[in-house]
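Hello,

Here is the structure I promised to pass on to you. Have a look at it first, and then read on for what turned up.

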Amino acid sequence: MSAGICGAALAATVLAAPGPAQAAPEDAPGGWRLTDSGSDARFRGLAAVSRSTAWAAGSKGTVLRTSDGGESWRNVSPRGAGELEFRDVEAFDGRRAVVLAIGEGEASRVLRTSDGGATWTESFRNTDPKAFYDCMTFFDRRHGLAMSDPVDGKYRILSTADGGRSWQVLPDKGMPAAQQGEAGFAASGQCLVSSGPRDVWLATGGAARARVLHSADRGRTWTATDAPIPAGDPARGVFGLAFRDRTHGIAVGGDYRADQPSPKAAATTPDGGRSWTPSAQPPPGYRSGVAWLPGSRTAALAVGPTGTDLTGDGGRTWRTVDTGSYDTVDCTRDRACWASGEKGRIARWERDRRQS
């Protein structure tokens with residue numbers, strides 16, 4: 001559920017560095033070091049457990065795990081999963097992890113391992129042709145949720161109380177109606193995120209207004225708030241969320257099409273998502289993943305196909321510190337950060353890196 005390097009020290013070092021808002025990678029005092037994943041899959045799912053242990057899940061049913069800080073990656077993909085598209089992974093340690101496959105009908109599945117990926121058990125297979133699951137989050141080692149795009153006009157929430165061994169669909173009485181064309185984006189595993197034992201947020205797009213939904217009771221009742229991020233098109237909306245506690249959050253997104261601008265790609269909330277304020281100086285383009293730096297109350301990283309941006313003021317202003325392509329980012333409690341994306345790219349943040 002996390003990943004990276006010296007959080008507070010990293011933030012202090014990067015933020016103290018001189019340079020323009022669009023700093024070139026060689027000018028940044030820290031940056032991503034690509035690891036050799038041995039794969040060409042696109043990894044939109046990432047779960048960093050510690051500075052040494054991380055999991056990545058992606059296309060072609062691929063799941064990788066490292067236990068040596070990315071020096072080597074072990075292919076622990078479930079047998080027979082080559083047709084599945086994994087978009088999210090939540091890991092509790094180096095042995096226990098849960099992965100989510102997306103798609104219509106039975107393509108949406110949840111698999112679980114308790115032996116480091118040596119064996120996998122399918123714990124959920126969607127049988128509703130109208131459902132399409134996008135993201136997953138865990139409050140602790142037992143309690144978690146997964147979300148589907150709207151079914152009969154409302155988002156569908158799946159719940160587990162046993163670490164992903166079994167799942168139940170929650171009643172939708174407390175779920176607000178979805179907008180016409182509204183959905184979640186399975187772009188980074190961050191369209192459903194949690195903080196603390198009960199709070200969870202759901203990011204939306206594709207409709208007239210981008211929204212963030214919040215639940216304070218593990219997904220049984222929800223409130224919806226408009227987010228000031230580009231909307232009004234199926235390719236626009238909020239793609240990723242990060243909360244450092246139950247009140248302070250960052251939303252990132254925009255328009256994922258490479259030929260379209262995303263002038264308002266980030267927003268912040270000081271009150272648990274009841275209100276959102278656009279970043280005064282947002283990232284220069286679409287961003288799909290975001291993570292708070294460990295040990296810092298003000299620093300965070302946002303990633304997307306055109307680069308990585310850093311904020312040192314809680315998301316109000318951002319500056320580009322790397323131009324590599326990544327889909328998602330995750331940071332750990334022991335002060336480490338990881339990112340992953342297309343063409344097998346998995347990287348760990350290192351200070352004073354001089355090569356992109």
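**Empty space inside**

Searching the whole structure turns up one cavity of 30 Å³ or more. Please keep in mind that this is a predicted model. The volume of the largest cavity is about 30 Å³. Its lining is made up of Tyr 155, Ile 157, Leu 170, Pro 171, Asp 172, Gly 174, Met 175, Gly 219, Arg 220 and Trp 222. Sorted by class, that lining holds six nonpolar, two polar and two charged residues.

There is also a pocket to report. The second largest pocket encloses about 240 Å³ of space. It is lined by 16 residues, and those closest to its centre are Arg 87, Phe 185, Ala 187, Phe 239 and Tyr 256. Nine residues of this lining are nonpolar, one is polar and six are charged.

**The chain as a whole**

You will find one helix and 28 strands in the chain. What does the radius of gyration say about the overall form? For 356 residues, a compact globule would come out near 21 Å, and the chain has 18 Å, which agrees. The C-alpha trace spans about 55 × 45 × 35 Å along its principal axes.

Two further values describe the packing. Of the 356 residues, 61% count as buried. Among contacts in the chain with a separation of 6 or more, 54% come from residues 24 or more positions apart.

**Disulfides**

How many disulfides does the chain have? The count comes to two, and with bonded cysteines counted along the chain they follow the pattern 1-2, 3-4.

One of them joins Cys 135 and Cys 191, whose sulfur atoms lie 2.0 Å apart. This pair links distant parts of the chain, with the two positions 56 residues apart in numbering. Cys 135 belongs to strand 10 (residues 132-138), while Cys 191 is in the loop between strand 13 (168-169) and strand 14 (192-195). The torsion about the S-S bond of Cys 135 and Cys 191 is about 120°, so this disulfide is right-handed. Both Cys 135 and Cys 191 are buried.

The other disulfide is formed by Cys 331 and Cys 337, again with sulfur atoms 2.0 Å apart. Here the S-S torsion is about 110°, so the bond between Cys 331 and Cys 337 is right-handed. Are these two cysteines buried or exposed? Cys 331 has 7% relative accessibility and therefore counts as buried. Cys 337 is buried too, as its relative accessible area is 0%.

**A loop residue to look at**

Finally, you might like to centre your viewer on Thr 62, which sits in the loop between strand 3 (54-57) and strand 4 (63-66). Is this loop residue, Thr 62, buried or exposed? Its relative accessibility is 8%, so Thr 62 counts as buried. Leaving aside residues up to four places away in sequence, Thr 62 touches Ser 39, Ala 41, Phe 43, Ala 56, Ala 57, Ser 77 and Phe 86.

That is everything for now. Enjoy exploring the model!

Best wishes

Methods. Residues numbered from 1 in each chain as written. Predicted model: local features only at pLDDT ≥ 70, side-chain atom pairs only at ≥ 80, totals over all residues. Heavy atoms only, no water. 1 Å grid on protein atoms, 1.4 Å probe; cavity = no way out; pocket = protein on both sides within 12 Å on 5 of 7 lines; lining within 4 Å. Points joined across faces, edges and corners; volume = space filled by probe spheres on them. Nonpolar A, V, L, I, M, F, W, Y, C, P; charged D, E, K, R; others polar. Disulfide = S-S within 2.5 Å. Helix = DSSP H or I, 4+ residues; strand = E, 2+ residues; numbered from the N terminus. Buried < 20%, exposed > 50% of the residue type's maximum accessible area, 1.4 Å probe, protein only. Rg over C-alpha atoms; globule rule 2.2 N^0.38 Å. Contact = heavy atoms within 4.5 Å.
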